[in-house]
Amino acid sequence: KVARRLSEDSLEWLCRRYYESTEFGQLDASTQRRRRQILTEVCIKHGDKPFAMLEEKHIRALRNEKAATPESANQRVKALKQLFRIAKEDGLVDKNPTLEVRKLKSNGVGWHCWTDAEVEQFEMRHPIGTKAHLALGLLLYTAQRRSDVVLMGRRHIRNGWMTLTQQKNRKRNPVEVSIPVIPELQKVIEMSPTGELTFLVTDYGRPFSVAGFGNWFRDRCNEAGLPHCSAHGLRKAAATRLAEKGCTAKEIMAITGHKTLAEVQRYIEAAERKRLAAAAMAKLRSN
């Protein structure tokens, strides 16, 4: 099959050129996949249009096509900003039409944060000694992303500490975290079936892919009657628990690997509101 020849002034041509750039190559594999998916979706409707003719109003219109899902709209803007930044640096356009296009305000709270009751419900369906319980323990007691959890193995643990480089942005701005292996996690690992290279393995004895693990864990949540819960929600639950125990923002960041105080401040503020509400109601009862 002969590949379709693209006009060198088309948006789709610019996207394909971007995929071959050094900047794109430095992105993590998962980010590359998402970026391709986003730009491919744009090109289905607009790929034949001259990229040099795109103006701010056109970028805003592309954003607004996804207005029903603000996070998706903002990811589209982010991808286009990177695309045109490279095009501007390479002299393919005189100006970057994305610079003044703002993100939409999100109308959601992101991934659902597991409650203690939901964790107990999962554990009732998947007791200690099962692979699902091991996955829960690794996610909850390390506060790491699923992309990190699927790679965790005994090689990461030494003298009671688990040390790893997070997969997110590992090529551009790597973050190494060292986390004490608390007794609860140690017990889960010791009582669970594990692989040789990684703790978590597929039914064929191979390490999970990130997407494969996400799908597998989604099924385990469904089995436990928790269709609204997810692997990422356990990372939020872990951060929430740390905040409710009185950890500072920097202490939480040392575990989660977040880079800015703003990213973890919401956990601190939510925990403080909870403590204040408890104190307020205690005063009401005393009267």
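Visitor: I would like to begin with one residue: is N169 buried or exposed, and what is its relative accessible area?

Guide: N169 is buried, because its relative accessible area is 17% and the word buried is used for values under 20%. Please keep in mind, as we go on, that this is a predicted model. N169 sits in the loop between β2 and β3.

Visitor: What is the phi of N169, and how should I read its sign?

Guide: The general idea is that most residues other than glycine have a negative phi. In this structure N169 has a phi near 60 degrees, which is a positive value in a residue that is not glycine. A143 is another such case, since its phi is also near 60 degrees and positive. A143 belongs to the loop between α7 and α8, the latter covering 146–149, and with a relative accessible area of 1% A143 counts as buried.

Visitor: How much of the chain as a whole is buried, and how many helices and strands are there?

Guide: Of the 287 residues in the chain, 42% are buried, and the chain has 13 helices and 3 strands. Taken along the principal axes, the C-alpha atoms fill a box of roughly 65 × 60 × 35 Å. If we look at contacts between residues at least 6 apart in sequence, 62% of them join residues that are at least 24 apart.

Visitor: Which residue could show me a contact between distant parts of the sequence, and where does that residue lie?

Guide: A good example is I59, whose place is in helix α4, made of residues 56–64. I59 and V101 are 42 residues apart in sequence, yet their C-alpha atoms are 7.2 Å apart in space. When neighbours within four places in sequence are left aside, the contacts of I59 are L80, F84, P97, T98 and V101. The relative accessibility of I59 is 0%, so I59 counts as buried.

Visitor: How does T194 read, for accessibility and for contacts?

Guide: T194, in the loop between α9 and α10, counts as partly exposed because its relative accessibility is 27%. With neighbours within four places in sequence set aside, T194 is in contact with L134, R154, I189 and F199. Its C-alpha atom is separated by 19 Å from that of R125, a residue 69 places away along the chain.

Visitor: Now for helices: at what angle do α7 and α9 pack, and how far apart are their axes?

Guide: Two packed helices are described by the angle between their axes and by the distance between those axes. Here α7, residues 131–142, packs with α9, residues 183–190, at an angle of about 155 degrees and with the axes 9 Å apart. Angles over 145 degrees count as roughly antiparallel, which means that α7 is roughly antiparallel to α9. Their crossing is left-handed. At this contact H133, L134, G137, L138, Y141 and T142 of α7 meet E184, L185, V188 and I189 of α9; by class, the residues are 6 nonpolar, 3 polar and 1 charged.

Visitor: How do α7 and α10 cross, and which residues meet there?

Guide: The axes of α7 and α10 come within 11 Å and cross at roughly 110 degrees, and these two helices are therefore roughly perpendicular to each other. This crossing, too, is left-handed. From α7, the residues K131, A132, A135, L136 and L139 meet F213, W216, F217 and R220 of α10, and this contact has 7 nonpolar, no polar and 2 charged residues.

Visitor: Which residues touch the most other members of the largest nonpolar core?

Guide: In soluble globular proteins, nonpolar side chains tend to be buried together. The largest nonpolar core in this model has 38 residues, and those that touch the most other members are W114, F122, L138, L200, F213, F217 and L234. At least two residues of this core come from each of α6 (116–125), α7, β2 (161–165), β3 (176–180), α9, α10 (210–223) and α11 (231–244). The largest share, 7 residues, is supplied by α7. Another core, of 26 residues, lies apart from this one and includes L11, Y18, V42 and L83.

Visitor: What does L138 touch?

Guide: Not counting residues up to four places away in sequence, L138 touches A143, V149, M152, L185, I189, F199 and L200. Among these is A143, the buried loop residue from earlier, and L138 itself also takes part in the contact of α7 with α9.

Key:
Residues are numbered from 1 along each chain as its sequence is written. This is a predicted model: local features need pLDDT of at least 70, side-chain atom pairs count only at pLDDT 80 or more; totals for chains, interfaces and linings use all residues. Side-chain values use heavy atoms; hydrogens and water are left out. Axes are lines fitted to C-alpha atoms, for helices over the stretch in contact, and angles run from 0 to 180 degrees between N-to-C directions. Helices (H or I, at least four residues) and strands (E, at least two) are DSSP runs, numbered from the N terminus. Angles under 35 degrees count as roughly parallel, over 145 as roughly antiparallel, 65 to 115 as roughly perpendicular and the rest as oblique. A crossing is left-handed if the near helix is turned anticlockwise from the far one by less than a right angle, and right-handed if clockwise. Contact means heavy atoms within 4.5 Å. Ala, Val, Leu, Ile, Met, Phe, Trp, Tyr, Cys and Pro count as nonpolar, Asp, Glu, Lys and Arg as charged, and the others, Gly among them, as polar. A nonpolar core is a set of buried Ala, Val, Leu, Ile, Met, Phe, Trp, Tyr and Cys residues joined through side-chain atoms within 4.5 Å. Buried means under 20% relative accessible area, exposed over 50%, partly exposed in between (1.4 Å probe, protein chains only).
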